[in-house]
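Work through the following exercises with the sequence and the model side by side. Each task is followed by a solution that goes step by step.

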Amino acid sequence: SSFILTGIPGLEDAQFWIAFPFCTMYFMAVLGNITVLLVIKMDPSLHLPMFYFLSMLAAIDLVLTTSIMPKLLSIFWFHSHEIDFGSCVVQMFFIHSFSTVESGVLLTMAFDRYLAVCRPLHYSAILTGPTTAKLGLAAAVRGIVIITPLMCMVTSLSYCGPRVIHHSYCEHMSVVKLACGDTRPNSLYGITVATVVVGLDSTLIAVSYMLILREVIGLSSREAHLKSYSTCGSHIGVILLFYMPGLFCSYAQRWGQRIPVHIRILMADLYLLVPPMLNPLIYGMRTKPIRERVLILLRQRR
């Protein structure tokens, strides 16, 4: 009826201190994403497709970080390692489904930037309000539909022996390894989903930014070149931080026995903390309308 989460195996003595930078990153992620959501909601001039997608990303990041941090901090600071099976499955569902949803939202944001740069005359005609809502809904439905069978497969397994999960949270393969019987369908479905989603979405995002850069190269303004390269570079950097560690964690859980366990777990923890912390800075504060609105609010408070 319950499992034991170990935290970071091999670093038990250091977990108390590791929690402080983790807590700081969580605080920055929550503060940054809530700020983005409030600014976009309060300013009618920001009620545009680009900022709607950014709002979706901020909301998803809040869910992702909050799905792991309370339990993670209770493990590191209060040695509260036990988690019941139902809570474990719920946490697993939120982590994996919203990671998939975020991948879809990042893809829609790349499509939005492609239209804005390469098809500016058709932008408003293509990305209408209903179309924006449908794209966001499609990303959410896809994530839920893909991950729900995985949860059904996990709940149908029988678990015997020590119920110790060598992880900081209920990651799919870490839980499946504790099951009795044939777990190959779970492993195969999980790795297939991770490979297809990451491979397809990251390829389409890369194509979008390649087309954007090709369009920018044709511009005569050197300032426009530098601004576009800076924006695309920072976006691609954050996207790589989201996709590469996620894929690494999926493969390492299955075939990374030679990789130290604490490295794998730390990477998995940072994968759910670093991108949500950086997204408000890269996508939000580097965007001029949002930055100006935040500065105005700060001046008003003074």
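The exercises below deal with enclosed space and with salt bridges.

The model is predicted, so that local features need pLDDT of at least 70 and side-chain atom pairs count only at pLDDT 80 or more, while totals for chains, interfaces and linings use all residues. Residues are numbered from 1 along each chain as its sequence is written, and side-chain values use heavy atoms, with hydrogens and water left out.

**Exercise 1.** Find the cavities of 30 Å³ or more and describe the lining of the largest cavity.

*Solution.* Begin with the term: on a 1 Å grid over the protein atoms alone, a cavity is a set of points where a 1.4 Å probe fits but cannot get out, and its lining residues have an atom within 4 Å of a point. Grid points are joined across faces, edges and corners, and the volume is the space filled by probe spheres set on the points. The count by this rule is two cavities of 30 Å³ or more, and the largest has a volume of about 420 Å³. Of the 25 residues that line the largest cavity, His96, Ala194, Gly246, Ser250 and Tyr271 are the closest to its centre. Helices here are DSSP runs (H or I, at least four residues), numbered from the N terminus; helix 8 gives the most to this lining, with seven residues. Sorted by class, the lining of the largest cavity holds 15 nonpolar residues (Ala, Val, Leu, Ile, Met, Phe, Trp, Tyr, Cys and Pro), two charged ones (Asp, Glu, Lys and Arg) and eight polar ones (the others, Gly among them).

**Exercise 2.** Describe the lining of the second largest cavity.

*Solution.* The second largest cavity contains about 30 Å³ of space, and its lining consists of Phe248, Cys249, Ala252, Gln253, Arg264 and Ala268. Helix 8 again supplies the largest share, here four residues.

**Exercise 3.** Which residue forms a salt bridge with aspartate 201, and which helices does the pair tie together?

*Solution.* A salt bridge is a side-chain nitrogen of Lys or Arg within 4 Å of a carboxyl oxygen of Asp or Glu, and by this rule there are three. Aspartate 201 pairs with arginine 142, the closest N and O atoms being 2.7 Å apart. Because aspartate 201 lies in helix 7 and arginine 142 in helix 5, the pair ties together parts that are 59 residues apart in sequence. Aspartate 201 is buried (under 20% relative accessible area, with a 1.4 Å probe and protein chains only) at 0%, whereas arginine 142 is partly exposed (between that limit and the over 50% of exposed residues) at 24%.

Terms used:
1 Å grid on protein atoms, 1.4 Å probe; cavity = no way out; pocket = protein on both sides within 12 Å on 5 of 7 lines; lining within 4 Å. Helix = DSSP H or I, 4+ residues; strand = E, 2+ residues; numbered from the N terminus.
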